[in-house]
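Biologist: Please take a close look at the aromatic ring pairs. Then show me how that part sits within the whole.

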Amino acid sequence: FEGYNGDWHLNSFFPAEAGGSIQNGEYAVSIDHGGTNAWDVHLGQSNISLENGKEYTLSFDAHAAEARTISVVVGKNSDPWTVYGGSQIFSLTAAKQAYARSFIMAEPSDHQARFGFDVGASAGDVFFDNVFLSAGKASTMASRKMDSVQEFFKLYQNYPNPSNPATTIIYRLAESSAVSLKIFNGLGQETATLVDAFQETGEYEMIWTPAGLPSGNYFCRLQAGDFSETKKVLLKK
């Protein structure tokens, strides 16, 4: 298991339960209970130095026992826990793949920053290898991977589905777009607006808590530029 020069820390916050070990040269996070939020289980490092105005790339290989998502964060290691460049969500499968995210450090220089992976909210094993945080653009291989990841728009099926009391909605933007993410009932009436903003290329995660709505079939619609996709959401109380 290769990574940034430093110590790796695996933290889990109640009720999450997880452990870490080296298996076949990879770092394996074994999650018995994922807790409620992605950050309830975190693998990362701290006390890294980031300079204002510089571009950085975090690249890594990863896979999981079952298909799932993880969040990758680089940010301040104290209150208000600013995430530099925004957190990014990656979809893992059972096949080991290379991933990368690049960002420009727009905040003041931070010589005690942190970076790592939020892998909570789901149980099961997640594996990491070849983790590097470097200054500059992604390598050619990592850039090709980023291009292939971001080459299409996508609205994923929400989970859990049926949802109660909340459900997670993830979508991918192939390019910066004016984004609308809305919920409609079975009669086509709008019941919630989750996103109405211009967003940059990448994957995003939203939590919908349908308080006060009756059980039944609902529809989640993503519109981004000329792209539109709708998924059925089952609410069961």
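Modeller: I start with the rings and then work outwards.

First, the ground rules. This is a predicted model, in which local features need pLDDT of at least 70, side-chain atom pairs count only at pLDDT 80 or more, and totals for chains, interfaces and linings use all residues. Residues are numbered from 1 along each chain as its sequence is written, and side-chain values use heavy atoms, with hydrogens and water left out.

A search of the whole structure turns up 11 aromatic pairs (rings of Phe, Tyr and Trp, the last by its six-membered ring, with centres within 6.5 Å). Take Phe60 and Phe90. Their ring centres are 5.5 Å apart and their planes stand at 90°, so this pair is edge-to-face (planes over 60 degrees apart; under 30 is stacked, and the rest are tilted). Phe60 belongs to strand β5 (residues 55-64) and Phe90 to strand β7, so the contact ties together parts 30 residues apart in sequence. Strands here are DSSP runs of E, at least two residues long, and helices are runs of H or I, at least four long; both are numbered from the N terminus. Phe60 and Phe90 are both buried (under 20% relative accessible area; exposed is over 50%, partly exposed lies in between, with a 1.4 Å probe and protein chains only).

The pair of Phe117 and Phe128 has another geometry. Here the ring centres are 4.3 Å apart and the planes meet at 25°, so the pair is stacked. This pair also links distant parts of the chain. Phe117 lies in strand β9 (residues 110-118), Phe128 in strand β10, and 11 residues separate them. Phe117 has 0% relative accessibility and counts as buried. Phe128, at 0% as well, is buried too.

These pairs do not stand alone. Ring pairs join Phe60, Phe90, Tyr99, Phe117 and Phe128 into a cluster.

Now go to Val73, in strand β6. Val73 is buried, with a relative accessible area of 5%. Setting aside residues up to four places away in sequence, Val73 touches His42, Val83, Ser87, Arg101, Arg114, Phe115, Gly116 and Asp118 (contact means heavy atoms within 4.5 Å). Arg114 is one of these partners. The C-alpha atoms of Val73 and Arg114 are separated by 8.1 Å, although the two are 41 residues apart along the chain.

Thr191 makes a useful contrast. Thr191 sits in strand β14 (residues 190-199). With a relative accessible area of 29%, Thr191 is partly exposed. Leaving out neighbours within four places in sequence, its contacts are Ile183, Phe184, Asn185, Leu213 and Tyr218. Ser21 is a long way off: its C-alpha atom is 45 Å from that of Thr191, across 170 residues of chain.

Step back to the whole protein. The secondary structure comes to 1 helix and 17 strands. The radius of gyration, over C-alpha atoms, is 18 Å, close to the 18 Å that the globule rule (2.2 Å times the number of residues to the power 0.38) gives for 237 residues, so the protein is as compact as a globular protein of that length. Along the principal axes, the C-alpha atoms fill a box of roughly 55 × 35 × 35 Å. Of the 237 residues, 42% count as buried. Among contacts between residues at least 6 apart in sequence, 68% join residues at least 24 apart.

Finally, check the backbone. Most residues other than glycine have a negative phi, and most peptide bonds are trans. Some places here depart from that. The bond from Tyr159 to Pro160 is cis, with omega near -10°. The bond from Asn161 to Pro162 is cis, with omega near 15°. Pro160 is in the loop between β11 (154-155) and β12. Pro162 is found in the loop between β11 and β12.

Two residues other than glycine also deserve a look. Asn47 has a positive phi, near 60°. Asn47 lies in strand β4 (residues 41-50) and is exposed, with a relative accessible area of 54%. Trp81 has a positive phi near 60°. Trp81 is in the loop between β6 and β7. At 44% relative accessible area, Trp81 is partly exposed.
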